[in-house]
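Biologist: Could you take a close look at how the helices towards the end of this chain pack against one another, and set it out as one connected account?

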Amino acid sequence: MGLLDRVNQANQQRATTSAPGAPTVAPPPVAPPSNGAPAAPAAAPAGGSAPPPQQTATRQSQAAPAPPAAPVAGGLAERTGAVAVTPAFAAAKTAVHAKLLEQYANKIDVTDREFVKEKIVELSEDYIRTSGMTMTRPDRERLIESLMDDILGLGPLEVLLNDKDITEIMINHPKQIYIEKKGTPMLSDVTFENDKQLMRVIDRVVSSIGRRVDESTPMADARLKDGSRVNVIIPPLALKGPCMTIRKFSKEKLGPNDLIKFRSATPEIIRFLQSAVRSRLNCLVSGGTSSGKTTLLNILSTFIPAEERIITCEDAAELQLQQDHVITLESRPANVEGKGAVPIRDLVRNCLRMRPDRIIVGECRGGEALDMLQAMNTGHDGSMSTLHANNPHECLGRLETLVLMAGAELPSRAIREQMASAVHIIVQQQRLRGGPRKIVSVAEITGIEDGEIHYQEIFVFKQIGIKDGKAVGYHTATGIKPMRLDHMKAGGEELPDDLFVPTPEPKFEELY
């Protein structure tokens, strides 16, 4: 019998054995096992009068105890190990945590897990003995693990971060956490105890990379040790409590073969992109939020020869290049006084003096787009970046808008000529209905004519329909040969003509 069952049984026995005429004491509320609304209290009889205590006690003693609800097979609580937190458990955890900080605050070393666990076990046993509460062995182990997660990890989030099937964690407020599994969002049974516990986790994350979040700076971008992207927004901007979104990075680095295995691309597309990167064509990865742009940029970077010097510029360092000759630069926000900010544009300018062979800008969001185009046009061929856009046409329009944000009063034609000469390949990534992420277009910039930038699509993904709630289709070449085949051949990357032959539409059951 667990702690929760014993608390409920004790309350029931207390009500049953109460003396006649004595007021019936209602059992204390127990936190619901999920993020949903707590169950409504039982309605009083008509007329507003409560039944006599003897009648209440008789009914309770005669009523058969309700059998515990059987867990749903494969349910989220079963998969994540989430368990309801009772008031007694929460009180024990709070007391032990406070005692640990009071006695060993100056001695705790986060790298010495054995010491921390030893002290937690010692203080937990002491609290249970002095308070007179009873606790089963599983509850004691859960108490110790929960305290270990709070002190050395990220509290309740540890169970979600360790689940390799979860790709995103979305904390709407301390009592509501959504997760994404296999492209499908679902409500998690994991919750925080209160706002303070969530704020401790947030402070631990942002302070680890030298950033801060408070009422004067209520928004922040950060990252975890494994490179997972973190965004935080707290009150007064978030009305229901602190919000945090974590986009997890896979511990197993994805490669080109994984794109083929997941049907996100075809061998022909990968072969073409490999030749484009090796022959030093400038590439832009375009796509919407959570479409897989950064993952694809990481994969494209694996095609860069190991002897080349690469410099990355990012707001929060997320790229995980596998080469040795890599320098990672990260922007810095302003301090409390509003000084000391180093925007990503300054990083791009500075890296031009660091003798880079290739420059990789994590994401173009503002005026750094102009500096990136100038770098591509001044001897840093083979550079790459990502951009938020829905298709290649909108990608070009958004890139022009970002250049204008740099504040340079350049005529539109001058900007477009620079774009047409700097950008060679646009790879469009998209998250389709049902969750699958695919390369839906590989386009080549062909030049500028009558003031308009022209491009041609080399490969596309044709969506045919919906199967089992997911969009399905197939990849095919358009039949158009790239105009830069000679450039690729000169760089040692010769591609066969049959690579660009269109694929016949397969049967519906063969779509993916």
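**Helix packing around α13**

Modeller: The axes of helices α13 and α15 come within 9 Å and cross at roughly 55°. Since angles of 35 to 65 degrees count neither as roughly parallel nor as roughly perpendicular, α13 is therefore oblique to α15. The crossing in which α13 passes α15 is left-handed, and the residues that make this contact are L370, L373, Q374 and M376 on the side of α13, with Q418, M419 and A422 on the side of α15. All of this is read from a predicted model, and the values that follow should be taken in that light.

A second helix pair shares α15. Helix α14, residues 392-404, and helix α15, residues 412-422, have axes that come within 10 Å and cross at roughly 120°, which makes α14 oblique to α15. Here the crossing is right-handed, and the contact is formed by L396, L399, E400, V403 and L404 of α14 together with S412, I415, R416 and M419 of α15. M419 of α15 is thus named in the contact with α13 and also in the contact with α14.

A single residue of α13 leads back towards α14. A369 has its place in helix α13, and, because its relative accessibility is 0%, A369 counts as buried. Once the neighbours within four places in sequence are set aside, A369 is in contact with C364, L399, L402 and V403; of these, L399 and V403 are also among the residues through which α14 meets α15. The C-alpha atom of A369 is separated by 8.5 Å from that of E400, although the two residues lie 31 residues apart along the chain.

On another side of the picture stands helix α12, residues 344-351, whose buried residues are I344, R345, L347, V348 and C351. Seen down the axis of α12, these buried residues fall within an arc of 160°, so they line one face of the helix. What covers them includes helix α13 (368-376) as well as the strands β8 (310-314), β9 (326-330) and β10 (358-361).

To draw the account together, α13 is in contact with α15 through residues that include L370 and L373, contributes to the cover over the buried residues of α12, and holds the buried A369, whose contacts include L399 and V403.

Key: Residues numbered from 1 in each chain as written. Predicted model: local features only at pLDDT ≥ 70, side-chain atom pairs only at ≥ 80, totals over all residues. Heavy atoms only, no water. Buried < 20%, exposed > 50% of the residue type's maximum accessible area, 1.4 Å probe, protein only. Helix = DSSP H or I, 4+ residues; strand = E, 2+ residues; numbered from the N terminus. Arc of directions from axis to C-beta. Contact = heavy atoms within 4.5 Å. Axes fitted to C-alpha atoms, helices over the stretch in contact; angles between N-to-C directions. Parallel < 35°, antiparallel > 145°, perpendicular 65-115°, else oblique. Left-handed = near helix turned anticlockwise from the far one by under 90°.
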